[in-house]
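Visitor: I am new to reading protein structures. Could you walk me through one, starting with what "buried" means?

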Amino acid sequence: MGKVTGFMEFERIEEGYKPVSERLKHYKEFVVGLDPSQAKVQGARCMDCGTPFCNNGCPVNNIIPDFNDLVYKGDWQNAIEVLHSTNNFPEFTGRICPAPCEAACTLNVNDDAVGIKSIEHAIIDRAWAEGWVQPRPAKHKTGKKVAVVGSGPAGMAAAQQLARAGHDVTLFEKNDRIGGLLRYGIPDFKMEKSHIDRRAKQLEAEGVTIRTSVMVGKLPEGSKVTNWAKETISPEQLKKDFDAVLLTGGSEQSRDLPVPGRDLDGIHFAMEFLPQQNKVNAGDKLKGQLRADGKHVIVIGGGDTGSDCVGTSNRHGAVSVTQFEVMPQPPEQENKPLVWPYWPLKLRTSSSHEEGCTREFAISTKEFIGEKGKVTGLKTVHVEFKDGKLVEIPGTEKEYKADLVLLAMGFVNPVATVLDGFGVDKDARGNAKASTEFTGGYATNVPKVFAAGDIRRGQSLVVWAIREGRQAARAVDEFLMGFSDLPR
């Protein structure tokens, strides 16, 4: 694939970023993608390695060597056909996927991996620009009705696949626009929402009925989960009205930090903070928006959501931003012979970190402190591993000033009341219990009710959501028709 000697002749080309001083003034995307000549060079680096580990490293099993080769040869139109054959939404993954395919690249054993993600990004952006992405409505309708509950990447992928199989699909979303965490959890500077909007138009052109602001079931009283529903439908009504129901909601219950002072004003979940900014970016007026301008911000949690809080806080005009991670600082470079082709543990510095952030590792928050009911700081201690457990290091106690604390420690499980409303069994982690076996896959214990995506597997990547949505669509199609021509 690519040029036979390309991996020896050419270096990896990274996508560029616009200057920090420029991008901090807005919420638009700032990544400078590869131009056609750069993408060709990057495609040329793809080795004819015989066993493309990148294909298995990718959860949707993208046929990576083939589209790399097509880009190298300048056949962009066939490249998008190959890419779309396994991935419904490459513009999502090409922007926010961490690229496990690149970690698995054979060239990554002793060199820099092929820039697979940047090539994918270039292919889909060109495909949209050239008008190659068109609706593909089913030629024949089955007369079967399917409800897909949750419009994140799993729900969108499943709805598209089921509509293309000829079913009448209704996609339900409790918030006012579809996209799930892609819409309200990912900042616009990482992925502008126009990418979701044009896919929504494609879904509708393919026959999908989209119903937003509709809550299926109910949330617990006092829940902090984002919910802008204006209408409620019971699970029983949904099961009555549809031939199959596919649950594709997110793992939206944020992990809390129950330490003294947690009830102080100014301590919020990341998923209270981020959705509000995205809503404002969409042109909505919002009273009482959480803002970081003029504040000392502490972000607790060292993952992507925490990084998104850092970037958003800097754009607000925070005085300082500090990010805590309870785990020790990982090495700057992984031990490739030890971990390849698996996802390596190593220090990852995001574009948001580069915009301004102090990072603290191996640190634990013991208490929030405040005055007059408002948070003013927190008490911390450094920790280390001993006998497989994190223990405090005496003498490392410290106080940090904080006017706004954002909890970004991940998500523990889907909202239990939604699953309980359907009577769906849960696994030990509180997720919907459903296997991925080829026969009867993604089916729950409730007849004609299926589950896929984060609601089934727990908090995960956009690419895993797309994979599960596609596979669950095939399982639902087989359930309804006795067979399925949809790809796995």
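Guide: Gladly! A residue is called buried when its relative accessible area is under 20%. Keep in mind that this is a predicted model.

Visitor: Which residues of helix α15 are buried?

Guide: They are G306, S307, D308, C309, V310, G311, T312, S313, N314, R315 and H316. That is eleven of the 13 residues, so by the under 20% cut-off the helix is mostly covered.

Visitor: What covers the buried residues of α15?

Guide: The cover includes helices α2, α14 and α17, together with strands β11, β12 and β18.

Visitor: How far apart are the end C-alpha atoms of α15?

Guide: They are 18 Å apart, and this agrees with the expected span, because 13 residues at 1.5 Å a residue should also cover 18 Å. Just after the helix comes G317, with a positive phi near 105 degrees.

Visitor: Now the strands. What is the order of the five strands in the open sheet?

Guide: Follow β5-β4-β3-β8-β20, with parallel pairing. At the edges sit β5 (209-211) and β20 (449-451), each pairing on one side only. From one strand to the next, the twist averages 20 degrees.

Visitor: How many bridges join β3 and β8?

Guide: Four, linking residues 145-149 of β3 with residues 244-247 of β8 in the parallel sense. For V149, the bridge partner in β8 is L247.

Visitor: Which strands does helix α10 touch?

Guide: Helix α10 (residues 153-164) packs on the sheet against β3, β4 and β8, and its direction makes about 165 degrees with that of β4. Helix α20 (residues 462-481) lies across β3, β8 and β20, at about 165 degrees to β8.

Methods
Residues are numbered from 1 along each chain as its sequence is written. This is a predicted model: local features need pLDDT of at least 70, side-chain atom pairs count only at pLDDT 80 or more; totals for chains, interfaces and linings use all residues. Side-chain values use heavy atoms; hydrogens and water are left out. Two strands pair if DSSP finds at least two bridges between them. Helices (H or I, at least four residues) and strands (E, at least two) are DSSP runs, numbered from the N terminus. Axes are lines fitted to C-alpha atoms, for helices over the stretch in contact, and angles run from 0 to 180 degrees between N-to-C directions. Contact means heavy atoms within 4.5 Å. The expected span of a helix is 1.5 Å times one less than its number of residues. Buried means under 20% relative accessible area, exposed over 50%, partly exposed in between (1.4 Å probe, protein chains only).
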